[in-house]
Amino acid sequence: MLKSSVVNLLDSLNVADSDRDALVVGDSSVSYGDLTTRAAQWRGRLVAQGLTVGDHVAVLAGNSIDFVLAHLACVGAGLVLVPLNPQAPQPELVAELAAVDPNAMIVGPVGADAYAALRGSGVAPPIAFATTDALCAAGCIDLNSPGPEAEVVSVEADHPAALLFTSGTAGPPKPAILTHGNMASSIAAIRALPLDFETNSHTLLAIIPLFHVFGLNVILNFGLSIGATLVLGDFEGPDQAAATIRARGVTIMAGPPALWASFLGSNAEARDFESVQLALSGASKLDGRVAEALRERFGLDVREGYGLTESSGILTSAMGTSAPRGSVGQMLPGVELRIVDQAGSDVLVGDSGEVLARGPMISPGYWNDVDATERVRDDEGWLRTGDLAIVDENGFISIVDRLKDLIIVSGFNVHPVEVEAALQSHDEVLLAAAVGEPGDAGEESVVAYVILRPHASLDEAALMEHCRGRLARYKVPRRIAIVDAIPTTAVGKIRRRDLGA
Ligand code: AMP
């Protein structure tokens, strides 16, 4: 059993031929052999500064070679990786640093500004590492300077590998502990799917942020575990991404619905996606119309997966199954799922209930936050996901909505996704977000924010009329605001807490 064994997550990532390209960024590439050597050198620099097993290392780098080296160096040394979003607003980074109290920080070129601001406010950790001359001149330790390499250390399977901040769409982000055993089990579960994951033969597009579990474990770690070539970088929009997919012959790609939808607004063509064998959407619900349009225009059969930060990645997947459109498929091998009512009893087929998940990929809890951990984990190891789902007679699961996003209007439940779907069924609507606005006596009413397509001529009254024809009266928004932008997280989830929910 993984629980009691002594391992290192890196053991399951070291399978590729050493001369095979591990990472490709623009015109440069790094082979698996070079990656292993350089990670051992970086590990040497970290250890030489006195960092020891269990210390926290925050990483501010985009989807870059530096990020991957930081990850491999930290995890291999038994240090705990804390990847942060270099584009996050300063107060969010300050709060995140305070929550995890890192012993050191690794700063990539894209994190330089954020790091300077953190240092200016006196909240940066005492030791910082970097690779650029400018940052090293400003006091960071050069990770590329010569020196001894450090070996990969063995740790217990329940040793933390990373602290990953949840998306925090409803409340502030919380750092979930993911252990070596959690991440390795999640990767093993994906690899156990009856799909072609032949070693040394795939090319993955790593376009989603690597500081999020979807990028870190489902793409990066999984990709390394099958000896894939990972194409990284900050792509300038969907046209450039599509051109890269074609030029590099990408075989597996994954991303949130916002990424998939962006291709529909681009000049991409079906031949750009000819090499793609597996296309996965996750992080939030994929609009059925978007999935259909992607199939028609590009021949892409985008399948959904569902999971959380706290589950180290995906728990269910429709890839390689006959799951109907809109379903997130079936649970992965090794995952236990239940769908329960408020009393904790299993719901009947077709009824909605909260998803509970158990298995070796489930996080032991949040760092330094026993209360938050107890709210989501019970004594038997079940994680309360806070998601409402329905299972059909074939075992295929569909996510209905997030329990905490439910809006209660005069005692009636309103699912924001239903209101959003009604608004988005209008041809002139690009994106809609519905939230509950608190009123007197704990009452809530539905408020919707809508982004219109370019050149649309709709107004609020017409949108209201559109809703009245599609929704029961209590579900019709009390107010609709046409806006230029709706706040989203780095993986495109609507930040409801910023919409006054
Ligand atoms: P986080 O771990 O903070 O990134 O967010 C996890 C949450 O994303 C889950 O609890 C779900 O609410 C949502 N989610 C992930 N995948 C899907 C999906 N395929 N469909 C709908 N919601 C999803």
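## Polar contacts with the ligand

A polar contact is taken here as a pair of N or O atoms within 3.5 Å. In this predicted model, a polar side-chain atom of H212 lies 2.8 Å from an oxygen atom of the ligand. R402 also places a polar side-chain atom by a ligand oxygen, at 3.0 Å. For E304 the partner is a nitrogen atom of the ligand, and the distance from the polar side-chain atom is 3.2 Å. Taken alone, the ligand exposes 510 Å², of which the protein buries 92%.

## The shell around the ligand

The ligand is surrounded by 17 residues. The closest are S167, G305, T309, D387 and K493. By character, the shell divides into five nonpolar, seven polar and five charged residues.

Which strand supplies the largest share of the shell? That share, five residues, comes from strand 16. Strand 16 spans residues 302-308 and strand 23 spans residues 397-402; each supplies at least two residues of the shell.

## The sheet that contains strand 16

Strand 16 belongs to an open sheet of nine strands, ordered 3-2-13-12-14-15-16-17-18, in which the pairing is mixed. At the edges stand strand 3 (28-31) and strand 18 (330-331), each of which pairs on one side only.

Strand 15, made up of residues 278-281, runs parallel to strand 16, and three bridges join the two. Within this part of the sheet, S281 stands opposite E304 of strand 16. E304 is thus placed in two settings: opposite S281 in the sheet, and with a polar side-chain atom 3.2 Å from a nitrogen atom of the ligand.

## The sheet that contains strand 23

Strand 23 lies in an open sheet of four strands, in the order 19-20-22-23, with antiparallel pairing. Strand 19 (336-340) and strand 23 are the edge strands; each has a single partner strand, so one side of each is left without a neighbour in the sheet. From one strand to the next, the twist averages 45°.

The partner of strand 23 is strand 22 (residues 383-391), and the antiparallel pair is held over five bridges. Which residue of strand 23 is the bridge partner of D387? The partner is R402. D387 is listed among the closest residues to the ligand, while R402 has a polar side-chain atom 3.0 Å from a ligand oxygen.

## Domains of the chain

The protein chain is divided into domain 1, covering residues 31-156, and domain 2, covering residues 406-498. Taken over C-alpha atoms, the centres of domain 1 and domain 2 are separated by 41 Å.

How values were computed:
Residues numbered from 1 in each chain as written. Predicted model: local features only at pLDDT ≥ 70, side-chain atom pairs only at ≥ 80, totals over all residues. Heavy atoms only, no water. Near = heavy atom within 4 Å. Polar contact = N/O pair within 3.5 Å; in protein donor to acceptor, adjacent residues only side chain to side chain. Areas by Shrake-Rupley, 256 points an atom, 1.4 Å probe, with all protein chains shown as cover. Nonpolar A, V, L, I, M, F, W, Y, C, P; charged D, E, K, R; others polar. Domains from an automatic or database assignment. Pairing = 2+ DSSP bridges. Axes fitted to C-alpha atoms, helices over the stretch in contact; angles between N-to-C directions.
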